[in-house]
Amino acid sequence: MNDDEKGKQFLELIDEQSNLQWRIVAKVSSLISSKWDSIELQNELETLIEKYSKITKELESFD
């Protein structure tokens, strides 16, 4: 992979990570509003956090 492709991939990962952060904040806000009583929101949040963690690991290992 050349430097341009690496740069493009890096920026795409950063963009995806940022979008996930906002979605996580929205889910946490919804959970708070539901008094932490929505299993569906909890599961959605768990999935988002797993995706976020995966992207963060990819970014940390990016050369």
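## Working through a predicted helix pair

Gln 21 sits in helix α1, and that is where we start. Keep in mind that the model is predicted.

**Exercise 1.** Work out whether Gln 21 is buried, partly exposed or exposed, and find how far its C-alpha atom is from that of Asp 37.

*Solution.* Begin with the relative accessibility of Gln 21, which is 36%. Buried would need a value under 20% and exposed one over 50%. Gln 21 therefore counts as partly exposed. Now go 16 residues along the chain, from Gln 21 to Asp 37: the two C-alpha atoms are separated by 22 Å.

**Exercise 2.** Take the neighbour, Trp 22, and decide in which class its relative accessible area puts it. Then give its C-alpha distance to Lys 54.

*Solution.* First place the residue: Trp 22 lies in helix α1. Its relative accessible area comes to 61%. The cut-off for exposed is over 50%, so Trp 22 is exposed. For the second part, Trp 22 and Lys 54 are 32 residues apart in sequence, and their C-alpha atoms are 16 Å apart in space.

**Exercise 3.** How do the axes of α1 and α2 cross, and what does that say about their relative direction?

*Solution.* Mark the two helices: α1 covers residues 3-33 and α2 covers residues 39-60. Their axes come within 9 Å and cross at roughly 155°. Angles over 145 degrees count as roughly antiparallel, so α1 is roughly antiparallel to α2. As for handedness, the crossing of α1 and α2 is left-handed. If you sort the residues of this contact by type, you get 14 nonpolar, 5 polar and 6 charged.

**Exercise 4.** Which residues make up the largest nonpolar core, and which element gives the largest share?

*Solution.* List the members, 9 residues in total: Leu 13, Leu 20, Ile 24, Leu 31, Leu 41, Leu 45, Leu 48, Ile 55 and Leu 59. Next, ask which elements give two or more residues to this core; they are α1 and α2. The largest share comes from α2, with 5 residues.

**Exercise 5.** Have a look at Lys 6 and Ser 33 in α1. Classify each by accessibility and give one C-alpha distance for each.

*Solution.* Take Lys 6, which is in helix α1. With a relative accessible area of 28%, Lys 6 is partly exposed. From Lys 6 to Leu 31 you move 25 residues along the chain, and the C-alpha atoms are separated by 37 Å. Turn to Ser 33, also placed in helix α1. Ser 33 has 61% relative accessibility and so counts as exposed. Ser 33 and Thr 47 are 14 residues apart in sequence, with 19 Å from C-alpha to C-alpha.

**Exercise 6.** What is unusual about the phi angles of Lys 35 and Trp 36, and how accessible are these two residues?

*Solution.* Recall the background: most residues other than glycine have a negative phi. Lys 35 isn't a glycine, but has a positive phi of about 60°. Trp 36 isn't a glycine either, and its phi is positive too, at about 60°. Lys 35 is in the loop between α1 and α2, and so is Trp 36. On accessibility, Lys 35 counts as exposed at 69%, whereas Trp 36, at 48%, is partly exposed.

**Exercise 7.** Is Ser 38 buried or exposed, and which backbone atom does its side chain reach?

*Solution.* Ser 38 is found in the loop between α1 and α2. Its relative accessibility is 18%. Buried means under 20%, so Ser 38 counts as buried. Then follow the side chain: that of Ser 38 reaches the backbone nitrogen of Leu 41 at 3.1 Å. Leu 41 has already turned up as one of the residues of the largest nonpolar core.

Terms used:
Residues are numbered from 1 along each chain as its sequence is written. This is a predicted model: local features need pLDDT of at least 70, side-chain atom pairs count only at pLDDT 80 or more; totals for chains, interfaces and linings use all residues. Side-chain values use heavy atoms; hydrogens and water are left out. Axes are lines fitted to C-alpha atoms, for helices over the stretch in contact, and angles run from 0 to 180 degrees between N-to-C directions. Helices (H or I, at least four residues) and strands (E, at least two) are DSSP runs, numbered from the N terminus. Angles under 35 degrees count as roughly parallel, over 145 as roughly antiparallel, 65 to 115 as roughly perpendicular and the rest as oblique. A crossing is left-handed if the near helix is turned anticlockwise from the far one by less than a right angle, and right-handed if clockwise. Ala, Val, Leu, Ile, Met, Phe, Trp, Tyr, Cys and Pro count as nonpolar, Asp, Glu, Lys and Arg as charged, and the others, Gly among them, as polar. Buried means under 20% relative accessible area, exposed over 50%, partly exposed in between (1.4 Å probe, protein chains only). A polar contact is a pair of N or O atoms within 3.5 Å; within protein, one must be able to donate a hydrogen and the other to accept it, and residues adjacent in sequence count only if both atoms are side-chain atoms. A nonpolar core is a set of buried Ala, Val, Leu, Ile, Met, Phe, Trp, Tyr and Cys residues joined through side-chain atoms within 4.5 Å.
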